[in-house]
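Reader: I would like to go through the charged pairs and the nonpolar surface of this protein, one question at a time. Could you show me the sequence and structure before we begin?

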Amino acid sequence: MLAFTYQLFIVKNNFAPAGINGIATMIQYKTGFSIGYMSLIINVPLCLLAYFFVNRDFAKKSLLFCIVYSFVYLGLQKIDFTSFQYDAGGHDTIYPVIISGTLGGLVYGICARHNASTGGTDIVSKYISIKKPYLNFFWITLILNAIVAIISFFVYAKPDTTGAVSYDYKPVCLCIIYCFISTFLGNVIIQGSKQAYKFTVITTHADEISDEILHTLHHGATKLSAVGAYKNQEKDVLICVVNKHQIVDFQNILEEYDNTFSFVENVGNTFGNFAKVK
């Protein structure tokens, strides 16, 4: 999918997507040296680095992806896709960026959910975050992609009618848009479809509330014993995870009881025995 995305929507529209593949795209634009070969040259050593210093399972799966991607792309270069390629002609380039960013994000998310990556900056970021744990993975990736965007400002510069080099911010903007779309969608896929909400309830009516939760919302709850710090009184704490559409129903249950305080948190994903009650 990623190889098709590059062939159909990226290489003809003069912008570099995120990461190492963005650098490979610019090299192909300037020299004609294929992205497929460049991906192998860069990613194979990076995957070997990840095998010894990051995670072996992660490295093997990332290497498999990079090899398949590279050879598929090299194969696609031998096929005439002229009638299928999106050639914006330098005008409505935003559309291929949206399409390629969406498909790229889908690929990134699927790889991440299976402990793999598409190679490049993902491997570099993971290695740096292990060696320097205090550095945020997100910021490392952002900085590396920002470097790619800045370089693209100079790579895609063209001479004007007078022969002087004309610089254009469009490739930089398109690179940023691609990064945003692909990262956003990738994170959505990583989080999965099992998003929910966790209620933490401090109350003196734990048994009644948990009984209503069970019979009304069809979810269980975990009860803990606690002591309030202000009055040193014993309280019960209920922890319950419910589906997104059950928030109002849960709040309606709590409104029936006095001496009850609650707060809610967003749960990115759930594992184990959690039913999506409709």
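**Salt bridges and a nonpolar patch**

Author: In this predicted model, the side chains of Asp57 and Lys61 meet in a salt bridge, with 3.2 Å from N to O.

Reader: In which helix do Asp57 and Lys61 both lie, and how many residues apart are they?

Author: Asp57 and Lys61 are joined by a salt bridge, and the spacing of the two along the chain corresponds to about one turn of the helix. Both belong to helix 4, which covers residues 56-77, and their separation is 4 residues.

Reader: Is Asp57 buried, partly exposed or exposed?

Author: A residue counts as buried under 20% relative accessible area and as exposed over 50%, with partly exposed in between. The relative accessible area of Asp57 is 33%, so Asp57 falls in the middle class, and its partner Lys61, with 35%, is likewise described as partly exposed. The class asked for, for Asp57, is therefore partly exposed.

Reader: Which residue forms a salt bridge with Lys198, and how many residues apart are the two?

Author: The partner of Lys198 is Glu265, and the closest N and O atoms of this salt bridge are 3.3 Å apart. The pair links distant parts of the chain, since Lys198 sits in strand 3 (residues 196-203) and Glu265 in strand 6 (residues 260-267), at a separation of 67 residues.

Reader: What is the relative accessibility of Lys198?

Author: Glu265, the partner of Lys198 in the salt bridge, is partly exposed with a relative accessible area of 34%. Lys198 also counts as partly exposed, and its relative accessibility is 27%.

Reader: Which parts of the structure does the pair of Lys223 and Asp207 tie together?

Author: The side chains of Lys223 and Asp207 meet in a salt bridge, with 2.9 Å from N to O. Because Lys223 lies in strand 4 (residues 222-227) and Asp207 in helix 9 (residues 206-217), the pair ties together parts that are 16 residues apart in sequence, namely strand 4 and helix 9.

Reader: How many salt bridges does the count come to?

Author: The cut-off that matters here is a side-chain nitrogen of Lys or Arg within 4 Å of a carboxyl oxygen of Asp or Glu. By this rule the number of salt bridges is 3.

Reader: Which helix gives the most to the nonpolar patch?

Author: Phe4, Leu64, Val68 and Val72 make a nonpolar surface patch of about 340 Å². Phe4 lies in helix 1 (residues 2-10) and counts as partly exposed at 38% relative accessibility. The element that gives the most to the patch, with 3 residues, is helix 4.

How values were computed: Residues numbered from 1 in each chain as written. Predicted model: local features only at pLDDT ≥ 70, side-chain atom pairs only at ≥ 80, totals over all residues. Heavy atoms only, no water. Buried < 20%, exposed > 50% of the residue type's maximum accessible area, 1.4 Å probe, protein only. Patch = residues over 30% accessible without salt bridge, like charges linked within 9 Å, V, L, I, M, F, W, Y side chains within 5 Å. Areas by Shrake-Rupley, 256 points an atom, 1.4 Å probe, with all protein chains shown as cover.
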